[in-house]
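Here are three short exercises to work through with the model open beside you. Try each task before reading its solution.

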Amino acid sequence: CETPACGKPAKLQCPTCIKLNISGSFFCEQTCFKANWKTHKQVHKKVEKATTDEIDRIVHEATIERNCYPSPLNYYTFPKSCCTSVNEVICHGIPDKRPLDEGDIVNLDITCYYDGFHADLNETLFVGKVDDDSKRLVQTAYDSLMAAVNEVKPGVRYRDLGKFIQKVAQDNGCSVTRTYCGHGIHRLFHTAPNVPHYAKNKAVGIMKPGHVFTIEPMINLGSE
């Protein structure tokens with residue numbers, strides 16, 4: 001029996017351990033099992049699949065520990081401290097209790113408010129091994145972002161960034177989401193300028209020293 005100082009023969013196995021394919025975990029009877037439950041259940045946490053809710057908790061605590069505030073929390077009633085967009089969710093996904101599975105791709109979009117200013121960053125990550133299409137999609141999104149970043153300098157029109165992003169996407173058999181765009185950010189979470197990620201857009205404005213903005217290409221497999 002796994003209960004400390006018990007020593008009796010054990011044949012009752014923890015049902016949660018069976019479900020999670022954890023070997024061992026035998027107890028002599030229900031009394032010992034219940035008495036040891038608080039300690040024993042820690043074994044389950046080591047192998048349970050991660051959820052985006054858990055990611056949100058970690059982000060929230062890490063943000064508060066640094067004397068910051070998670071900008072998304074309560075922003076237009078958004079209920080969480082970060083955005084977690086899984087697979088086909090293009091952006092602004094709400095963390096929940098669905099376990100992440102092998103092969104998922106997850107975009108983490110984190111914004112913090114500190115000393116009067118917001119700062120926004122996101123990245124797409126792999127859960128275990130992913131298929132070739134997922135690798136191509138994420139690599140294309142990164143390459144299209146860097147193609148635009150390389151063009152950033154004073155005097156460039158914001159509307160021009162989209163053509164560099166769209167070219168990389170199309171060259172790799174992908175397309176650009178037009179519904180959402182990059183944005184200005186500083187004392188306000190979202191503000192001018194708008195930064196569309198597709199060619200021949202009508203965004204206004206020219207980059208000047210001191211401007212702060214995001215470029216967030218959202219790329220899909222296949223055509224629009």
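Buried means under 20% relative accessible area, exposed means over 50%, and partly exposed lies in between (1.4 Å probe, protein chains only). This is a predicted model, in which local features need pLDDT of at least 70 and side-chain atom pairs count only at pLDDT 80 or more, while totals for chains, interfaces and linings use all residues. Residues are numbered from 1 along each chain as its sequence is written, and side-chain values use heavy atoms, with hydrogens and water left out.

**Exercise 1. Salt bridges**

Task: Find the salt-bridge partner of Lys97 and say what the pair ties together.

Solution:
- Start with the criterion: a side-chain nitrogen of Lys or Arg within 4 Å of a carboxyl oxygen of Asp or Glu.
- Lys97 meets the side chain of Asp53 at 3.6 Å, N to O.
- Next, place the partners, using helices (H or I, at least four residues) and strands (E, at least two) as DSSP runs numbered from the N terminus.
- Lys97 lies in the loop between strand E4 (83–86) and E5, and Asp53 in helix H5 (residues 52–65), so the bridge ties together parts 44 residues apart in sequence.
- Now check the surroundings: Lys97 is exposed, with a relative accessible area of 68%, whereas Asp53 is buried at 17%.

**Exercise 2. An aromatic pair**

Task: Decide how the rings of Tyr158 and Phe213 are arranged, and where the two residues sit.

Solution:
- Rings of Phe, Tyr and Trp (its six-membered ring) pair if their centres lie within 6.5 Å; planes under 30 degrees apart are stacked, over 60 edge-to-face, and the rest tilted.
- The whole structure holds five aromatic pairs.
- For Tyr158 and Phe213, the centres are 4.9 Å apart and the planes stand at 90 degrees, so this pair is edge-to-face.
- Tyr158 is in the loop between helix H6 (132–149) and helix H7 (161–171), and Phe213 in the loop between strand E9 (191–195) and strand E10 (219–221), so the pair links distant parts of the chain, 55 residues apart.
- Both Tyr158 and Phe213 are buried.

**Exercise 3. The two faces of H7**

Task: Which residues of H7 are buried, and what do they pack against?

Solution:
- The buried residues are Leu161, Gly162, Ile165, Gln166, Val168 and Ala169.
- They cover an arc of only 160 degrees (from the directions from the helix axis to the C-beta atoms), which puts them on the same side of H7.
- By contact (heavy atoms within 4.5 Å), these buried residues pack against H6, strand E7 (174–176), E9 and E10.
- The face turned away from the buried side carries the exposed residues Lys167 and Asp171.
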